[in-house]
Amino acid sequence: MIGLVAMLAAYKIPLGYLRKLAIPLLIISMVGLLLVFSGMGITAGGARRWLRLWPSSFQPSELVKLAMVIFLAWFMSTAIYDREKFFHFLIPIGVMALFQTIFMMQPDFGATMSMAMLTVAMLFLSGSRLRYICYLALAALPAVVYMVMEPYRWKRIITFLDPWKDPQGAGFQLTQSFIASAAAACRV
């Protein structure tokens, strides 16, 4: 219900207002990410990803994803953006890489990968040249291989591919989501 209300509220926001918010929202989300490393940051499980906001906590990487979508939509709709020019392709990639660097300092591999997929998908949908996206994939391959070789990240990938190998341990959340989905489907 909260998501539905939020969706309807977002639908009512004029596009001109969102365009004006693109850069400030990106800056605010960057400040939020950096505040994680201050006294407001919460460390849990070896990661420092949350901000303590009374009475709850907040993960700034979620705001970054929204801010990045709004920024990319704004940037790709400006008159200066030319999807044929490689430099214009590099601007969103540079912004993405800046945020990903901070994500990896937390460390937050999931946010790093989702930011990459989001940015590449929006570049693709904007009509950027496919060869630019292929160049990016080739350039990113060594970094992705390096990041995946961390034992706990590799375990997450293997668990994602077959959560039933360890349904009470690493695969618990995924198997429970399958069970909940199956239960919901049976009720329909």
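Helices (H or I, at least four residues) and strands (E, at least two) are taken as DSSP runs and numbered from the N terminus. I worked on a predicted model, where local features need pLDDT of at least 70, side-chain atom pairs count only at pLDDT 80 or more, and totals for chains, interfaces and linings use all residues. Residues are numbered from 1 along each chain as its sequence is written, and side-chain values use heavy atoms, with hydrogens and water left out.

**Entry 1: Ser29 and the core**

I began with Ser29, which lies in helix H2. Is Ser29 buried or exposed? I found a relative accessibility of 0%, so Ser29 counts as buried; the term buried stands for under 20% relative accessible area, exposed for over 50%, and partly exposed for what lies in between (1.4 Å probe, protein chains only). I then looked up its contacts (heavy atoms within 4.5 Å), and, with neighbours within four places in sequence set aside, Ser29 touches Leu63, Val64, Ala67 and Phe99.

From Phe99 I went on to the largest nonpolar core, a nonpolar core being a set of buried Ala, Val, Leu, Ile, Met, Phe, Trp, Tyr and Cys residues joined through side-chain atoms within 4.5 Å. This core holds 29 residues, and Met68 and Phe99 are the members that touch the most others. Two or more residues come from each of helix H2 (15–35), helix H3 (60–77), helix H4 (86–105), helix H5 (109–125) and helix H6 (130–148), with H3 giving the most, eight residues. Not counting residues up to four places away in sequence, I listed Leu26, Ser29, Met30, Leu33, Val64 and Met115 as the contacts of Phe99.

**Entry 2: aromatic pairs**

I searched the whole structure for aromatic pairs and obtained nine; rings of Phe, Tyr and Trp (its six-membered ring) pair if their centres lie within 6.5 Å, and planes under 30 degrees apart count as stacked, over 60 as edge-to-face and the rest as tilted. Phe86 and Phe89 have ring centres 6.0 Å apart and planes at 25°, so I entered this pair as stacked. Both residues, Phe86 and Phe89, belong to helix H4 and sit three residues apart, about one turn of the helix. Phe86 is partly exposed at a relative accessible area of 35%, whereas Phe89 is buried at 3%.

Phe89 also pairs with Tyr132, the ring centres being 5.6 Å apart and the planes at 45°, so this pair is tilted. Because Phe89 lies in helix H4 and Tyr132 in helix H6, the pair ties together parts that are 43 residues apart in sequence. I noted Phe89 and Tyr132 as both buried. Elsewhere in my list, ring pairs link Phe71, Trp74, Phe75 and Tyr81 into a cluster.

**Entry 3: salt bridges**

How many salt bridges does a search of the whole structure find? I obtained two, a salt bridge being a side-chain nitrogen of Lys or Arg within 4 Å of a carboxyl oxygen of Asp or Glu.

Lys65 is bridged to Glu62, with the closest N and O atoms 3.2 Å apart, and both Lys65 and Glu62 lie in helix H3, three residues apart, about one turn of the helix. I recorded Lys65 as partly exposed at 21% relative accessibility and Glu62 as partly exposed at 42%.

Glu84 is bridged to Arg129, with the closest N and O atoms 2.5 Å apart. Glu84 lies in the loop between H3 and H4 and Arg129 in the loop between H5 and H6, so this pair ties together parts that are 45 residues apart in sequence. Glu84 is partly exposed, at a relative accessible area of 36%, and Arg129 counts as partly exposed at 33% relative accessibility.
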